[in-house]
Amino acid sequence: MARQDLESRRSTAAQFFMEEEMEDSVSSYKRIVDLLNQAAVANDSSKTDNLRRVQEIIVFKEPNLLDNFLDEMLGFQSDRNADVRKFVVSFIEEACKKDPDVLPKVVRNLQIFLQDPSAQVQKRVIQAATHLYRSALSWLACARTVTEDMESSWTILCQIKAQIAKMVDSDNDGIRTLSVKFLESVVLLQTYPEEDSLRRENDFSLEDIPLTLKIARRRKLEEEANTILDLLIKFHGSPHISSINLMTCMGTLTLIAKMRPQFMGKVVAALEMLHTNLPPTLSKSQVSSVRKHLKLQLFNLLKHPASMDYQTNITSLLTDLGATYQEIAKSYPKAEEVRKRRKRNERAAIGQDAAAVAAKKPRLEAPPRGAGVEEEDEDMDVEEEVSQKPKVEAIDVTERFVGERLTPDLASQLVVMAMSKLPETIPPHFSSTYTPISAAGTPGQIKHLARLIASQLTAAGLGPGIKQSKNEVVKKLAVVEDEDEEGEEEVVGVEREEKQVAPVPPAVVIKKPPQQRIKTLKLSEITKALEPEERERSVALAVGRILRAERSCATLSGVSPVRNKILTVIAAQFDENVGDAVRDFILEDLKNRTDLAFAWLYEEYSFMQGFSRMPSFLRTQINPPEWAYNRLLCGMIQSLLEKQDAKDRDVLISRLYLEAPLITEEATELLRQLCGDCNRASVGLGLLQELVVRRPPRHLVYLNLLLVYTAHEHGDIRTKAIEGVVGLYERAELRSIIEEYAIFYLGFLRLPQPPVVLFGEDRGRPNIETQWSEDIVKVCLYLYLALLPINENLIHELARVYVQTVADVKRVILRLLEAPVRGMGMDSPQLLTLVEECPKGAETLVTRVIHILTDKTSPSAELVARVRDLYHTRVSDVRFLIPVLNGLTKKEVMAALPRLIRLNPVVVKEVFNRLLGTHSEGATSPLTPAELLVALHNIDPSKADMKTIIKATSQCFAEKQVYTQEVLAVVMQQLMEQSPLPTLLMRTVIQSLSLYPRLIGFVMNILQRLILKQVWKQKKVWEGFIKCCQRTKPQSFQVLLQLPPAQLSDVFDNSPDLRQPLQAHVMALTENQRAHIPQAIMDVLMGASRLDLSSLDADTEPVSPAELTIDMREEENEDSSGPNAEPAPPGDED
């Protein structure tokens, strides 16, 4: 009973723990879901943190959830943030380490990541692939059966391996370094270790891969590892390798040699090659670092027992690198290890001899059927044994060849021959790496020198070692074929023996009779050498016949290319006379013989690069290799340039420059001359633009030459060059260079005098000037202003330079601004920023920019707002507001009007043109013409003097198309209704009447209403009233008769000439009409005593003037007298 209770309790406890585990699993599941949801909507930093928490749970804490959330984690591989993508790569790596069965699901994602645009992501992929490749091989080796997923995964991994191998040539230094480390791991994984190999914990090598694994055969993997090792050695000896990659590659090769001693010879040879051929791109400090690293790696190799066969080579290298004898002696391997290795080598040699003897014995037993796998494995074992046999390296053969012939006399001759190749000064590279030869003349030093020369010859593909290695390859192929045939014959023989019962009689050997040897015909025995003159004449005649056979060869298919090949080889290898004949023949009809010309050009280029069919010891080359190529190319270009009327000349010149394999310095100089010719500059400049795009290695040379002509004196040359540069400016790789050049020239304007670089024959200005002129200033601005509409950010640098220039330069800048500013447009953000952040001293420039933008159109709201803010905060000059007047409010315009009319008359005219809308079509103004003229009359005299206001009103009256008689009537009506009356009211009335005489009736009405407003109370207006009456007689007589007597008397006092005409007018009235005139008026009119009416001729009526005109003159002539002179404003008379 107690036992049952205990069991029940135990089952209850177990059930409790099981339920607790389930609850934990459910809680982890929910937590993962929450973290993934947060990562999906989080920012970059928190997204990575959330994903890292998910990885901690599903990889390390609860791996059973890995399959459930694998796809969700991989879904972040397309995230925009590179850090997130890097984390996904690390997640893939950790997941595969935890569970190798995940590899088929993620290996495709890893391959996609390898093409990521971010270099950091690519680096992380290479790091992960280094570990995953080892894990994949181990996974395949442990698998009992190979599934389709395994095959597909291994295929993709091999593709990744190939892609990373290609990344050794990447532009990124870090990617190259990691690619080298990856290839290092591949070589170590896919090769066999030896007893002397350096061992690591949990090491994996080719011997851990089972022979039955079909998708990864040992033989193929080992061949691939050898190929990759050759690739690393080639990369190690590259002339353009960086110092970091070089030191990494040295460490990789050293580690491979220590862990795989069978490659010790290759690695030592590669280090010897590096010691004699350091990359020329390294700086002095980098050379020192590389030499120190090389010395360290050689010490590491020397400590390895497998280095005993190469101790002489390594010791010589260390001595050259400055190592002392004591340092070298300390690094020798232990004597016991050396003895062990020698014994192993002796046993291996005995075993190889026994294997060779066994291999010669015929196999009497045929292998059973169905043993295909065993046969293949045995074949692979045999191949492995063959591959492990000692080989004679090409460098060793060449070393022995050179060492046998390296006598003191030969060494002296080599030194004398090399003296002509030495530079005038000692290169810093040599002085920093030179170490004195401590054992000069000793056999060891001679052998080391022979080794160095052999490595140089082998690298160049020369020497007996190269020839012997090629012959050995051919012999091995033949031996393998013979062995295969012998094996087949032996098997067939064994089968026959089994079938036959009776013994086979011995074979009869039939000896062939010796053949009679035929004597070889030697031409030297039956011919005689020609004389030099005869030989040259024969060659010339033969070449002439080949040249004249052009038409006959053209009719036969396939003959023309052969003829061209013969001609190019002859022209390239024979003397100059033959070359001149072929060149003259080509230039006679270059249009139809361009194929021959380019074939010859490429033949010369091949010779220049060292691809010659002639052996080196038969060459008698006096000129440098590029001389013949340069002579041919420049000769054809010069001939085309000299033919002024040649048809299709420009097209042929363009083809020569664009299709030639190399453009020499002399050819570039000819192109410079072509660009400087005004008649053909367009061809040369267009060609320069094409060369910048099509010749990337020298694009900076051609771009700089094109930029020089953007400052040329001749307008056509300069314009064409600027157009070409602007076209190239759209290319991202050239944009910064062109900008720097334009800014550099713009900076010249800061100098007190023009720099010398602006002058010269190539600039079209042979004479140097010491003062800034308008043309020289424009030269510095043309390119910059052409780029300004494309890159609007340049406007700020222009403003900064403008502040620092002198007044003459500033005026030129302001005059040239119109075209580029119009190209930028009013809505340009950079222009608005310039207006908003106007640099101190650049107010005039900003004002000019705004004037240009608003010249033909109304200003935008953004521009008006920025100008208004700048005016109220920093720039108090009212001229700053002129360009945006049409965008201001009526109140703002009227507030600024007193200050605007005090400006220069030309500026005032522009102000009125903008306010009146006459400067552009469709322009709107905050003031109507009538409101503007009324506002001028209402200006406070304390803010602007009367003379200034009069000039402003005169400007308005000059705009007859705007100020019509209707507009002036409205103005006069509004002015008359004001109280008090404006001072210039009567002047405006008189001017209006002089412009439009038909307003006489309206003016009379105005005068009558002024009487009602008691105009005499304002002295200035009253004086203008009297003058108006004086000018408008006799129509004004009726108005005068309506005046009170005192005011009428004042009129006669101020203008006595009105009395008699008014009297005559009154006397001409009828008695009834005169009866309506008050007696007081008549008394004032007639004076103290009444005149005799009979003395006046009642029948005579006063004659009115033919027209009422007022002469509108400039203000400076207002005081001139004359019958048509404009009256002075009231109060201004003398």
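A salt bridge here is a side-chain nitrogen of Lys or Arg within 4 Å of a carboxyl oxygen of Asp or Glu. By that count, the predicted model holds 25 salt bridges.

The backdrop is an all-helix fold: the secondary structure of the chain comes to 54 helices and zero strands. Of the 1134 residues in the chain, 42% are buried. Sequence-distant contacts feature heavily, too: among contacts between residues at least 6 apart in sequence, 70% join residues at least 24 apart. The chain exposes about 63,500 Å², with carbon and sulfur atoms supplying 53% of that area.

Back to the charged pairs. Glu224 and Lys161 meet through their side chains in a salt bridge, at 2.6 Å from N to O. This one ties together distant parts of the chain, with Glu224 in helix H9 (residues 218–236) and Lys161 in helix H7 (residues 148–166), 63 residues apart. The two partners sit in unlike surroundings: Lys161 has a relative accessibility of 3% and so counts as buried, while Glu224, at 28%, counts as partly exposed.

Lys909 and Glu959 make another such link, their closest N and O atoms being 3.5 Å apart. Again distant parts of the chain are joined, 50 residues apart: Lys909 belongs to helix H43 (residues 905–916), and Glu959 to the loop between helix H45 (946–958) and helix H46 (965–976). Glu959 is buried because its relative accessibility of 16% falls under the 20% cut-off; Lys909, at 38%, is partly exposed.

In the salt bridge between Arg731 and Glu733, the N to O distance is 3.0 Å. Arg731 is partly exposed at 34% relative accessibility, and Glu733 is partly exposed at 47%. Elsewhere, Glu93, Lys97 and Arg124 are linked in a network of salt bridges.

Now for the interior. Helix H10 (residues 243–259) has 17 residues and reaches 24 Å from its first C-alpha to its last, close to the 24 Å expected. Because 13 of its 17 residues are buried, H10 is largely enclosed by the rest of the structure. Ser179, in helix H8 (residues 173–189), is buried with a relative accessible area of 0%. Beyond its neighbours within four places in sequence, Ser179 touches Ile126, Ile164, Met167 and Val168. Its C-alpha atom lies 9.7 Å from that of Gln163, 16 residues away along the chain.

On the surface, Leu410, Leu414 and Met417 form a nonpolar patch with about 280 Å² of accessible area together. Leu410 is part of helix H18 (residues 408–419) and, at 31% relative accessibility, counts as partly exposed.

Conventions:
Residues numbered from 1 in each chain as written. Predicted model: local features only at pLDDT ≥ 70, side-chain atom pairs only at ≥ 80, totals over all residues. Heavy atoms only, no water. Helix = DSSP H or I, 4+ residues; strand = E, 2+ residues; numbered from the N terminus. Buried < 20%, exposed > 50% of the residue type's maximum accessible area, 1.4 Å probe, protein only. Contact = heavy atoms within 4.5 Å. Patch = residues over 30% accessible without salt bridge, like charges linked within 9 Å, V, L, I, M, F, W, Y side chains within 5 Å. Areas by Shrake-Rupley, 256 points an atom, 1.4 Å probe, with all protein chains shown as cover. Expected span 1.5 Å × (residues − 1).
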